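User: I am new to this structure and would like a close look at a single part of it. Please choose one site and walk me through it in a connected way.

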Amino acid sequence: MSEKIFIGVAWPYANGSLHLGQIAGANLPADIFARYHRVKGNEVLMVSGSDQHGTPTTIKAEQEGKTPKEIADFYQKEFLDCWQKLGIAFDLYTTTGTRNHAEVAQDIFLKLLEKDYLYKDTVSQAYCPKCRRFLPDRYIEGTCPFCHTPGARGDQCEACGKLMDARELIDAHCRICGTPPVYKDSEQFFLRLPAFRDTLLDWIKTKTQWRSNVLNFTTRFLEEGLIDRAITRDIDWGVPVPVEGFDNKRIYVWFEAVIGYLSASKQWAKEIAGDKDKWRDFWEDGVKSYYFLGKDNIIFHTIIWPAMLLGYGGLALPYDVPSNEFLTIEGRKISTSKNWAVWLPDYLERYDPDPLRYILSINMPETSDTDFSWREFVRRNNDELVATYGNLVNRVLTFVYRNFDGKVPEPGELSDADKSLIKNTISCLEQTGELISKCSFKQAIMTAMSAAREANRYLDEKSPWKVIKEDRQAAATSLYIAIGVISQLMTMFYPFLPFSSQKVHEYLGFDGKVEDCGWQPLPLPPGQKLREPQPLFTKLDESIIDEETKRIGT
Ligand SMILES: [Zn+2]
Ligand SMILES: [Zn+2]
């Protein structure tokens with residue numbers, strides 16, 4: 001029975017290049033999960049896109065003397081290029097700048113308005129007398145009233161994650177000119193979030209599969225109580241408010257961007273699936289929806305988006321929200337403004353995608369923050385990818401290719417050691433799949449790596465390269481067993497290391513794609529013609545540690 005799996009991945013702002021924190025936090029786990037389910041034969045829809053609206057893009061545009069659209073288009077192109085090179089296989093990666101997205105967002109807005117979940121109210125709003133404009137929350141900076149960190153933004157404190165009203169900031173000032181804002185009256189729409197609190201509290205009680213950090217954060221937030229939130233703003237960049245008299249206002253980005261999951265699904269149905277109603281398969285009964293994101297984004301996916309979906313009606317709420325903690329770089333929190341980051345386009349220009357996917361998987365910030373360092377990157381690449389997995393594949397396939405006429409050898413009778421290695425590998429394949437399906441990616445890749453280590457131990461013992469001189473049949477048998485293990489490792493590693501798994505697939509003489517072979521041991525008949533193998537991974541020189549570390553923060 002095939003399952004229907006919807007995968008939503010957090011939408012990055014189109015205001016700067018992607019960095020490793022975003023990849024480890026959201027995109028890579030989502031991609032591993034999607035690839036696994038596709039191999040299993042489940043129906044997967046994985047979507048995301050760039051968040052073009054909101055002040056991050058307008059601030060960047062003002063800094064660079066460009067229009068917000070120019071900035072958004074530039075980064076959209078860069079993001080698409082990164083996904084392709086890193087192998088993040090979205091079914092659709094779109095933007096919030098499409099006509100389709102505006103229509104879907106306005107439809108939700110109007111439906112909530114009709115059901116009385118939205119109402120109009122006059123608020124006094126921050127206005128900069130020097131810049132002569134209303135100031136969106138992110139244009140106001142000050143000290144966080146909760147944790148007292150300076151430089152907090154007027155919508156959310158980056159340090160403690162609390163949402164706030166810009167007015168609560170201590171020493172608030174305009175981020176462009178530094179003037180303290182004055183307040184002027186303006187009419188806005190509000191979302192009645194408290195109306196959903198009891199339903200949400202009951203709903204999260206059923207979420208036993210959620211990670212404890214996500215569950216605790218959400219529960220605490222709901223228990224502290226919800227308040228009505230303004231969902232429109234006096235800005236001109238964004239989705240128009242579909243109500244007369246609101247021409248100079250736009251739907252606020254936090255309300256509109258999460259709707260991207262639904263609008264992207266509808267766009268996918270129309271433009272890619274060729275059936276405009278196909279999106280329903282992934283939003284109605286029986287679907288499991290997973291949302292991948294960093295911890296600063298939890299409440300938008302466990303409270304606000306579910307509330308909007310409840311208000312709209314008839315659409316599936318998140319099944320799981322496996323939010324990750326943060327990735328630090330060389331022991332320090334990522335800061336894009338201080339350039340304390342490793343930028344994805346830079347990485348992809350210099351190195352292969354699979355080593356990065358490997359280190360970010362085996363070191364994924366699933367339950368606590370983890371650190372990326374170039375020393376660790378080089379060590380894991382050389383000791384684990386090259387020396388353990390890569391070496392296993394290369395020494396076996398090269399030896400067989402040269403000594404057995406480029407074909408899978410014919411085994412003799414199997415010993416207990418042979419059978420036990422096969423059994424261990426099959427069990428690792430099952431466990432790896434089970435762990436991925438539970439979003440336990442770090443454990444999953446460690447299990448796959450343990451299967452590779454076990455195969456190396458077996459080969460060291462059997463030593464077919466020596467034995468072949470006296471007993472060709474014994475060598476053929478152990479090599480046959482090792483090739484079988486390699487073909488299962490190719491499957492186990494596929495969600496994590498898609499590029500090298502596809503290579504192994506070809507070296508083993510298979511045609512087509514690994515993805516189409518199922519999550520099971522593949523039959524590998526003796527006599528199957530192999531293709532000439534090449535080294536799977538490249539050993540990195542230690543000198544890059546210094547070179548790369550020096551680039552950070554400068
Ligand atoms: Zn704070
Ligand atoms: Zn100002």
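Analyst: **A metal site up close**

The arrangement around the zinc ion (ligand 2) is tetrahedral, because its four donor atoms subtend angles of 100 to 115°. Four donors earn that word if all angles lie between 85 and 135 degrees. This is a predicted model, in which local features need pLDDT of at least 70, side-chain atom pairs count only at pLDDT 80 or more, and totals for chains, interfaces and linings use all residues; side-chain values use heavy atoms, without hydrogens and water. Residues are numbered from 1 along each chain as its sequence is written, while chains are lettered from A and ligands numbered from 1 in the order in which they are written.

Now for the donors (N, O and S atoms within 2.8 Å of the metal, or 3.2 Å for Na, K and Ca; water is not among the atoms, so sites may look incomplete). The SG atoms of C128, C131, C174 and C177 coordinate the zinc ion (ligand 2), at 2.3 Å. Along the chain, these donors of ligand 2 show the spacing C-x2-C-x42-C-x2-C.

Distant parts of the chain are linked here: C128 belongs to strand β4 (residues 118–128), and C177, 49 residues apart from C128, lies in the loop between β8 (170–174) and β9 (182–191). Strands are DSSP runs (E, at least two residues), numbered from the N terminus.

How buried or exposed are C128 and C177? C128 is buried, because its relative accessible area is 0%. C177 has 27% relative accessibility, so C177 counts as partly exposed. Here buried means under 20%, exposed over 50%, and partly exposed in between (1.4 Å probe, protein chains only).

How values were computed. Four donors count as tetrahedral if all angles lie between 85 and 135 degrees; four count as square planar and six as octahedral if opposite donors are over 155 degrees apart and all others between 65 and 115; anything else is irregular. Helices (H or I, at least four residues) and strands (E, at least two) are DSSP runs, numbered from the N terminus.
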